[in-house]
Amino acid sequence: MPPYIDPQKCVGCGICKSICPMQIFYQKEVKQVPEIIYGEECWHCNACVLDCKTGAITLRIPINYMLLHTDVSTLHR
């Protein structure tokens, strides 16, 4: 699932566009809310979420990714 950009919080700085390794964001001009053009290519790396200064981006993790989560403390004896 692609990330979601809250247009009320986004200031159009373009950091998400520049930091994304898969280049899923498209921003026609500065101060415009970026569009997500290749959402299915998202790696869910969380880089855009961590670098967004206004907290406008949320990552929607697919259910099959969440099912793969393992608590590391359970792996040690």
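# A walk through a 77-residue chain

The accessible surface of the chain comes to about 5,800 Å², and carbon and sulfur atoms hold 57% of that area. Keep in mind that this is a predicted model. The chain has 77 residues, and 27% of them count as buried.

Start with the overall plan. The chain has three helices and four strands. Read from the N terminus, the order is β-α-β-β-α-β-α. How much of the contact network joins residues 24 or more positions apart? Take the contacts in the chain with a separation of 6 or more: such residues account for 48% of them.

Now look at the surface. Tyr26, Ile37 and Tyr38 make a nonpolar patch there, of about 290 Å². Ile37 sits in a loop, the one that runs between β3 (35–36) and α2 (47–51). Is Ile37 buried, or is it partly exposed? Its relative accessible area is 37%. Buried means under 20% and exposed means over 50%, so a value in between is called partly exposed. Ile37 is therefore partly exposed.

Stay in this loop and find Gly39, which also lies between β3 and α2. Gly39 has a relative accessible area of 9%, so it counts as buried. What does Gly39 touch, once its neighbours within four places in sequence are left aside? Gly39 is in contact with Met1 and Pro2. Ile24 is another residue to look for here. Gly39 and Ile24 are 15 residues apart in sequence, yet their C-alpha atoms are 6.0 Å apart in space.

His44 belongs to the loop between β3 and α2 as well. At a relative accessible area of 14%, His44 is buried. Follow its side chain. It reaches the backbone oxygen of Met1 at 2.9 Å. Met1 therefore appears twice in this part of the tour: Gly39 is in contact with Met1, and the side chain of His44 reaches the backbone oxygen of Met1.

Next comes the loop between β2 and β3, where Gln27 lies. Is Gln27 buried or exposed? Its relative accessible area is 11%, so Gln27 is buried. The side chain of Gln27 has polar partners. One of its polar atoms lies 2.9 Å from the backbone oxygen of Gly12. The side chain also reaches the backbone oxygen of Gln32, at 2.7 Å. Leave aside the neighbours within four places in sequence, and the contacts of Gln27 are Gly12, Cys13, Gly14, Lys17, Gln32 and Pro34.

Lys31 is found in this loop too, between β2 and β3. Gln27 is buried, whereas Lys31 is exposed, because its relative accessibility is 66%. The backbone of Lys31 deserves a look. Most residues other than glycine have a negative phi. Lys31 is not a glycine, but its phi is positive, at about 75°.

Gln23 gives a second example. Phi of Gln23 is near 55°, which is a positive value in a residue other than glycine. Where is Gln23 found? It is in the loop between α1 (15–19) and β2 (25–26). With a relative accessible area of 57%, Gln23 is exposed.

Cys20 is found in the loop between α1 and β2 too. Cys20 counts as buried, because its relative accessibility is 13%. Compare its place with that of Asn46. The two residues are 26 residues apart along the chain, and 9.1 Å separates their C-alpha atoms.

That brings us to the cysteines. A disulfide is a covalent bond between the sulfur atoms of two cysteines. How many disulfides does a search of the whole structure find? It finds zero. Take Cys48, which is in no disulfide. The cysteine sulfur nearest to it is that of Cys42, 6.3 Å away. A disulfide needs two cysteine sulfur atoms within 2.5 Å, so this pair does not qualify. Cys48 is buried, at a relative accessible area of 9%.

Cys52 is in no disulfide either. Its nearest cysteine sulfur belongs to Cys13, at 6.1 Å. Cys52 counts as buried, with 18% relative accessibility. Cys13 has come up before: it is one of the residues in contact with Gln27.

Notes: Residues numbered from 1 in each chain as written. Predicted model: local features only at pLDDT ≥ 70, side-chain atom pairs only at ≥ 80, totals over all residues. Heavy atoms only, no water. Patch = residues over 30% accessible without salt bridge, like charges linked within 9 Å, V, L, I, M, F, W, Y side chains within 5 Å. Areas by Shrake-Rupley, 256 points an atom, 1.4 Å probe, with all protein chains shown as cover. Salt bridge = Lys/Arg side-chain N within 4 Å of Asp/Glu carboxyl O. Helix = DSSP H or I, 4+ residues; strand = E, 2+ residues; numbered from the N terminus. Buried < 20%, exposed > 50% of the residue type's maximum accessible area, 1.4 Å probe, protein only. Polar contact = N/O pair within 3.5 Å; in protein donor to acceptor, adjacent residues only side chain to side chain. Contact = heavy atoms within 4.5 Å.
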